[in-house]
There are 2 protein chains.
Amino acid sequence: MQNLPGFRDFPPEDCARRNYILNTWRSVARRYGFVEYDGPTLESVELYAKKNESGAEIMQQLYSFEDRGGRPVALRPEMTPTLARMVASREKQYKKPIKWFSSSTFFRYERQQKGRLREFIQLNCDLIGETGPAADAEVLALAIDLVRAFGFGPEDFVVRLSDRKAWMDFLTARGVPEAQFGTVLQAADKIERESPDSLNAKLAPAGLTVDDLKAFIASGSPESFRPLIEELTARGLAGYVEVDLSIVRGLAYYTGVVFEVFDRSKSMRALAGGGRYDDLIAGLSDGAANLSAMGFGMGDVVLANFVSETPKAAERMAAALAADAPVDIYVIIADATRRAEGLQTVQALRDAGWKADFSLAGAKVGKQFQTAEGLGAKFAVVVGGEWPEVKVKTLATRQEVQVPQSGLADWLKSGENSL
Amino acid sequence: MQNLPGFRDFPPEDCARRNYILNTWRSVARRYGFVEYDGPTLESVELYAKKNESGAEIMQQLYSFEDRGGRPVALRPEMTPTLARMVASREKQYKKPIKWFSSSTFFRYERQQKGRLREFIQLNCDLIGETGPAADAEVLALAIDLVRAFGFGPEDFVVRLSDRKAWMDFLTARGVPEAQFGTVLQAADKIERESPDSLNAKLAPAGLTVDDLKAFIASGSPESFRPLIEELTARGLAGYVEVDLSIVRGLAYYTGVVFEVFDRSKSMRALAGGGRYDDLIAGLSDGAANLSAMGFGMGDVVLANFVSETPKAAERMAAALAADAPVDIYVIIADATRRAEGLQTVQALRDAGWKADFSLAGAKVGKQFQTAEGLGAKFAVVVGGEWPEVKVKTLATRQEVQVPQSGLADWLKSGENSL
């Protein structure tokens, strides 16, 4: 029996790496005052159909089916529609701005390739109910700090910053009919990947050429983003941002700043992407809630590759994982007649919050010490003839002391502090 | 737009309660030396068909469909088949016993009722590669401590303990053909819910009556579980266990101890259930791995009801949630010309690990203080004319001190310790 292609097993060593990413994300988002939410894994297909055009890639990749009650349902491919539904139905009970994050599992039937799986985890962060460069900067700063937290600096990654509004203004000034905007933006999105001839053919109905787009993209400068850049400069984060109008984002609903986060060498897919979508919540809620919003998603697959392929980040992760061994204290029952006292000691340590383990089968003492070392325990506590005292051995230094079992938890606490 | 029936939205206040349960589970399982694993949300239908008979309830409730590649797939309704697959393919790289836990999302198309949803979270804990009462006791103790950790004591819940082997011995001694075992166990499972006449009709082919089953159930005593009870007594946990042979568990694959955890008033469904299944991994892996195992599942829905309906447990949860406010420190920019310094201060606090927030829009100072209180911040840091010093106000006591911004993180750390 195999798992399905594009779906992952997480045995403990992989699960620890996954949790390192999730815990780091959660910790950074919370430092920004974002609070966690989540939604269902399964939603009605209609929720996604409403936001996306039927030809949209995301609808082609949907895991959709009829449930046993005949409802057309889908495994969630993205968080925004769920978020919009939740916010629209409850927004009156929350002070603005609403700062919410989630880290959930998503599903897309994609061709498998590096950085793309069919089930993946994505962090979603959204700031709702506030517009302007200060709000945009808060979200961008969070995206930057989420990557910084893994040990990356401005030499490693960059936020490429663009603005949908600048694109709209350009297209309007050039007399492009609004019906053509989508086609032009999609062509702009592919400007580095598709041939000029093919793109020019697509741009012809809009009266534009690839050279027109390139000229517009070249016109982008930090000057046009001055208030936003000033906010980031004050935070010491401006060095992570570059204006790049070639970033347009595929989706139709963005209304302002859009951005993508890339490794500097651009050898990978985007680490994160998002932007401002001031009309979407109103649209998805049939006008029930008219709330401006800016947010982004950051996937676990590309980030995990980036961490493991960058030595300083990989070492940082390895150190964090090593510091969190499965066991703190291994209780060694040196004398089978003291088994009850051994169990009592294990229970007392666990009740005190320690990760404690012991040999269920009652292995030989030497073997028990080996297991203690193998599990990465800091201390071995030997229960034997000295009862009601026990021997505590610090495994790294081989130092041994004898303490009353009743005082063990306190002794270990002080011992841990001195490590 | 609504979520599907039986599926939950988790707005922040609900997500915090969910996380309280998940974090408590994770913390207790880790104290027992269990390490976390996870598997895919979607699996091939075959994985479940292999373990369960086609008429089994779990197969009737399966969310199954064909994916875009024509594969029959299913949203996971249980963890054991995934666990067995993962362990069987990797067991040689792990020392025994393998102690693994996971907390994942599961899906069953059930009629909605209290304690039952269509998407739920379940903690699964399994100890693999070790038999005997010591291993059984370790798993039972974990189940007990997982419930104790929410503030429940022996007056609140009980583990009802039974043994499939005792049932098999009884049926064999009574000359019941093995083909009838399943029918008898299913009748025993319903002895409190179905009429004696109906049950007697089902038991007739096996040559048994309801009275025979009741006599056998009444014969169960702690004596027959002595080695297991001794292990629990040494841990101080025997008071949580009662022998009750009426517990049989629906599933066919159990081979030894089985148990269910109930609230004492029995007003709710089981909080957890499980048992020993020494042949299942070999069966699911076509003999590739022959590993004994014992484990259980604990769902989040019944437990959450139990916590919220038991005042002492609900208060404990409320205190834990209140201690984890969305914001530690609110930075008040008292003078718009000091915005850059305010942003710099916010960034420094977040970099130091504090949950820090501020007014994006630059609200009036009084309003900023109100927001600080509303978010539950411990401190307000006022950035204004005193720069490069800032005022720090402890919001609970209204005490105010002025400190250099460069020493702020240290001052707050000492302040927090003294709270």
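This section describes helix packing across and within chains, the surroundings of one arginine, and a small sheet in a predicted model.

Contact between the two chains involves helix H14 of chain A, residues 339-351, and helix H5 of chain B, residues 133-148. The axes of these helices come within 13 Å and cross at roughly 30 degrees. Since angles under 35 degrees count as roughly parallel, H14(A) and H5(B) are therefore roughly parallel to each other. The crossing in which H14(A) passes H5(B) is right-handed. On the side of H14(A), the residues that meet H5(B) are A:Arg339, A:Gln347, A:Arg350 and A:Asp351; their counterparts in H5(B) are B:Ala134, B:Glu138, B:Asp145 and B:Arg148. By class, this contact comprises 6 charged residues, 1 polar residue and 1 nonpolar residue.

Within chain B, helix H5 also packs with helix H1, residues 12-31. Here the axes come within 9 Å and cross at roughly 145 degrees, and the crossing is right-handed. H1(B) contributes B:Trp25, B:Val28 and B:Ala29 to the contact, whereas H5(B) contributes B:Leu142, B:Asp145 and B:Leu146. The class composition of the contact between H1(B) and H5(B) is 5 nonpolar residues, 1 charged residue and no polar residues. B:Asp145 is listed both in the contact of H5(B) with H14(A) and in that with H1(B).

B:Arg235 lies in the loop of chain B that links helix H10 (226-234) to strand E8 (241-243). The residue has a relative accessible area of 4%; because values under 20% count as buried, B:Arg235 is classed as buried. Beyond residues up to four places away in sequence, B:Arg235 touches A:Leu343, A:Gln347, A:Arg350 and A:Phe358 of chain A. In chain B, the residues touched are B:Tyr32, B:Ala134, B:Ala137, B:Glu138 and B:Ala141. The C-alpha atoms of B:Arg235 and B:Ala141 are 8.1 Å apart in space, although 94 residues separate the two in sequence. Among the residues that B:Arg235 touches, A:Gln347, A:Arg350, B:Ala134 and B:Glu138 also take part in the contact between H14(A) and H5(B).

Chain B further contains an open sheet of 3 strands in the order E2-E4-E3, with antiparallel pairing. Strands E2 (42-44) and E3 (64-66) form the edges, each pairing on one side only. From one strand to the next, the twist averages 35 degrees. The antiparallel pairing of E2(B) with strand E4, residues 72-75, extends over 3 bridges, and B:Leu42 stands opposite B:Leu75 of E4(B).

Note on methods:
Residues numbered from 1 in each chain as written. Chains lettered and ligands numbered in written order. Predicted model: local features only at pLDDT ≥ 70, side-chain atom pairs only at ≥ 80, totals over all residues. Heavy atoms only, no water. Axes fitted to C-alpha atoms, helices over the stretch in contact; angles between N-to-C directions. Helix = DSSP H or I, 4+ residues; strand = E, 2+ residues; numbered from the N terminus. Parallel < 35°, antiparallel > 145°, perpendicular 65-115°, else oblique. Left-handed = near helix turned anticlockwise from the far one by under 90°. Contact = heavy atoms within 4.5 Å. Nonpolar A, V, L, I, M, F, W, Y, C, P; charged D, E, K, R; others polar. Buried < 20%, exposed > 50% of the residue type's maximum accessible area, 1.4 Å probe, protein only. Pairing = 2+ DSSP bridges.
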